Amino acid sequence: MNGKKALIMVVLVFALPVVAAKLVLEMGWFTKGVTNKGELLTQEVRADWLGHNGQWRLVYSLPQTCSEQCESALFQLKQIPVAVGPERKRVASILLISEAQPAQATENVTEQAINTQQHQTMASLPFAGEAIYLVDPLNNLIMAYPIPQGKSAQITQSKGLLSDLRKLMRLSKVG
């Protein structure tokens, strides 16, 4: 009888933590730690048509009329590559414009005209183009940064984008 009690105790000691961990995860009592500030895109979207291959790219699709959020996005496109510092050569900002839109004189930002199919690709993304998208050096759209209302929220978002970009560049073996 003593041997059976010892065997049951050994099984309980090893099985109980596994059962408890499974219960905690399935019941949602544990929240996973997330350090990224942007929204990770879950669908695979390729952007082989974008220029500046081999670089990290910040991409924004210019709307027909530029609101306060649009002005904030344009400011971020200009400033974030500068804020990256010595790694600036690894980052490019791209402003997507339709072929009918006039050029925007924007320093540090490359304008790229897009066709209807490319415009539809951008419009089908989460946040329907109302975000700055981060594209990796292998032409994958990986993160979206929806442009919030209000100056303080926009500044916070800009800092988050810069933080994520620096982290990705530090960990990346490409670009």
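1. Charges. Let's start with the charged side chains: the chain carries 17 positive and 13 negative charges, and the mean positions of these two sets lie 15 Å apart. Please keep in mind that this is a predicted model.

2. Surface. The chain has an accessible surface of about 10800 Å². Carbon and sulfur atoms account for 61% of that surface. As for the interior, 37% of the 175 residues are buried.

3. Order of elements. You will find four helices and six strands in the chain. Reading from the N terminus, they follow the order α-β-β-α-β-β-α-β-β-α. The chain is more spread out than a compact globule, because its radius of gyration is 23 Å, well over the 16 Å that the globule rule gives for 175 residues. Taken along the principal axes, the box filled by the C-alpha atoms is roughly 90 × 35 × 30 Å.

4. Contacts along the sequence. How much of the contact set comes from residues 24 or more positions apart? Among contacts with a separation of 6 or more, such pairs account for 65%.

5. The disulfide. Searching the whole structure turns up one disulfide. For orientation, a disulfide is a covalent bond between the sulfur atoms of two cysteines. Here the partners are Cys 66 and Cys 70, with their sulfur atoms 2.0 Å apart. Is this disulfide left-handed or right-handed? The torsion about the S-S bond is about -90°, so the disulfide of Cys 66 and Cys 70 is left-handed.

6. Two cysteines, two settings. If you work with this pair at the bench, you may like to know how each cysteine sits. Cys 66 is partly exposed, because its relative accessible area is 35%, a value between the 20% and 50% cut-offs. Cys 70 has a relative accessibility of 1% and therefore counts as buried.

7. Leu 77 and its surroundings. Leu 77 belongs to helix α2, which covers residues 68-84. This leucine is buried, with a relative accessible area of 0%. Which residues does Leu 77 touch, leaving aside those up to four places away in sequence? They are Leu 58, Val 59, Tyr 60, Ser 93, Ile 94, Leu 95, Asn 108, Val 109 and Ile 132. For a distance to try in your viewer, the C-alpha atoms of Leu 77 and Leu 134 are separated by 11 Å, with these positions 57 residues apart along the chain.

8. Leu 95, one of those partners. Leu 95, which Leu 77 touches, lies in strand β3, residues 91-98. Leu 95 is buried too, because its relative accessible area is 0%, which is under the 20% cut-off. Its C-alpha atom is 17 Å from that of Pro 137, a residue 42 positions away along the chain.

9. Positive phi at Phe 127. The loop between α3 (116-123) and β5 (131-135) holds Phe 127. Although Phe 127 is not a glycine, its phi is positive, near 70°. Phe 127 counts as partly exposed, at 36% relative accessibility.

10. Positive phi at Asn 139. A second loop to look at is the one between β5 and β6 (141-146), where Asn 139 lies. Phi of Asn 139 is near 70°, again a positive value in a residue other than glycine. Is Asn 139 buried or exposed? At 8% relative accessibility, Asn 139 counts as buried, whereas Phe 127 counts as partly exposed.

Technical notes. Residues numbered from 1 in each chain as written. Predicted model: local features only at pLDDT ≥ 70, side-chain atom pairs only at ≥ 80, totals over all residues. Heavy atoms only, no water. Helix = DSSP H or I, 4+ residues; strand = E, 2+ residues; numbered from the N terminus. Rg over C-alpha atoms; globule rule 2.2 N^0.38 Å. Buried < 20%, exposed > 50% of the residue type's maximum accessible area, 1.4 Å probe, protein only. Contact = heavy atoms within 4.5 Å. Areas by Shrake-Rupley, 256 points an atom, 1.4 Å probe, with all protein chains shown as cover. Lys, Arg positive; Asp, Glu negative; His and termini not counted. Charge placed at Lys NZ, Arg CZ, Asp CG, Glu CD. Disulfide = S-S within 2.5 Å.
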